[in-house]
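Please open the model in your viewer and keep the selection panel at hand, since each stop of this tour begins with something to select.

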Amino acid sequence: MSGFLQRLGWVQLPKNRSILLCVPRQEICRFAGSLLEELSREQPRTSFFVVAQGFDALRSLPASASAVRSLSFPMNTTPTSLLFLLLARVRLIVVFEHPFWIPGRLLAKAYDLGIPIVVVRCRLPDGDLSSRHLKRMAASVDWWEPVETSLGGKLARLGVDAKKIAPPNNDESRAVTSATMTAFRELAARRPPVRRPLQRLVAGSMQRPALRKLLGWRARRLESIEALRLELGSPRTIMCLGNGPSCEDPALDDLPYDSLFRVNYRWISRGRFTKADMVFTGQKRTLFSVHPRFFAFQTRRAEAQLVTHQIFNPLCRQMNYVTLERLGVLGGGDWDAVRPTNGATMIAAAVALRPKRLIIAGIDLFEDPAGAYPGDIATPNAYVPVHDPGIELNFILDTLARFEGEIIIIGDVLQGKWEEFKSNRGRIGQDPLPYQAAP
């Protein structure tokens, strides 16, 4: 029965976003195994799935890959492919040899959802590769790593952009080159492009005042920091609570505040500081899990995805929101690539509102010995792939340095970094990074 359900696209939900490895031959498993080991070390908060063609991949993988789960492809239809990709929470697809043995509808739906596709150990099949069907499949791939230089010409005839072709990897001792590992990191961190027709429609509508007003019955956007400040009641003290262990420090109970800012939704089940005025998120689940006065999204691309979900999901209520990129809060940098967390942008938004006092807790940078989250000893104390510790810390410290009011930090980790930063009058042994808080 489980095999039949998988054919329908049903997958047991993994704890984390996942990487899907597609292995066409048993001989390739040694490369898949070494790649899994490397990715597991780099991304402890990522789940891994393997799909093999006609053999039991798990028997051929090393013992260190015991946490990997084996799946079967769904039927080659759009609905089953969509269900499969959503339930498996796929962040990145890695295909060995070539993509033409993968179900076409699965590749098309992955492209539609903005899920990156990488082909490694690339060896193209013999025969005519000039059909429109194969060219469409090739166009959905974000990165190719061939095993020999001559494949570059064949890929070009398939219409593949030369910028998407890595230097050849003819080393039999390693699965991928360092260039491809870099591509993995960048693509896994990429915010999905807006490709789905409904998202494009909503994104276009939000650019037009009349249509934006029409959509306001489900999603009303504030257009300026000043408008947000007024609707929040011009708060003099803002409390910013991340989700680290210090967000439940008893010292917070004695600190009065005018507005409460929070991140995502996991705090709602803990029962403390649950009456949030603003929630900063990039997660669809947050939109129907909590009900603040305002949501805050980082970029226009995030806005298109989340507002579309909110408008057409009956579980979501009408919402008010801001897009921080539109408000000039984020400063420079590519916020649809590797980027600071929503906790960091929460602090930036609070600083931009110019209160007299800022209270910060729960921003523990995944360095608190108590763990990643209060009461959670299972989640690895590490960032997910879309974030980088150096970029995160730099952005937070630069933002706080621009604040002219009183800063109260609860939590030894961030407090220690902030004191060291102030004593050094600059960055903590780091080169400048491209993220700057708004002035």
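## Two crossing helices

In this predicted model, begin with helices α16 and α17, whose crossing is right-handed. Select residues 389–401 for α16 and residues 412–424 for α17, and you will have two helices whose axes come within 11 Å and cross at roughly 65°. To see what joins them, show the side chains of L393, I396, L397, D398, L400 and A401 on α16, together with L414, K417, W418 and F421 on α17, which make the contact. Sorted by class, this contact of α16 with α17 has 8 nonpolar and 2 charged residues, and no polar ones.

## A salt bridge between distant parts of the chain

Next, select R185 and E42, which form a salt bridge whose closest N and O atoms are 2.6 Å apart. R185 belongs to helix α8 (residues 178–189) and E42 to helix α2 (residues 29–42), so the pair, 143 residues apart, links distant parts of the chain. In the model as a whole, the count comes to 24 salt bridges.

## The second largest pocket

Keep E42 selected and add V384, P385, H387 and D388, for the second largest pocket holds about 310 Å³ of space, and these five are the closest to its centre among the 13 residues that line it. The lining of this pocket has 8 nonpolar, 2 polar and 3 charged residues.

How values were computed: Residues numbered from 1 in each chain as written. Predicted model: local features only at pLDDT ≥ 70, side-chain atom pairs only at ≥ 80, totals over all residues. Heavy atoms only, no water. 1 Å grid on protein atoms, 1.4 Å probe; cavity = no way out; pocket = protein on both sides within 12 Å on 5 of 7 lines; lining within 4 Å. Points joined across faces, edges and corners; volume = space filled by probe spheres on them. Nonpolar A, V, L, I, M, F, W, Y, C, P; charged D, E, K, R; others polar. Axes fitted to C-alpha atoms, helices over the stretch in contact; angles between N-to-C directions. Helix = DSSP H or I, 4+ residues; strand = E, 2+ residues; numbered from the N terminus. Left-handed = near helix turned anticlockwise from the far one by under 90°. Contact = heavy atoms within 4.5 Å. Salt bridge = Lys/Arg side-chain N within 4 Å of Asp/Glu carboxyl O.
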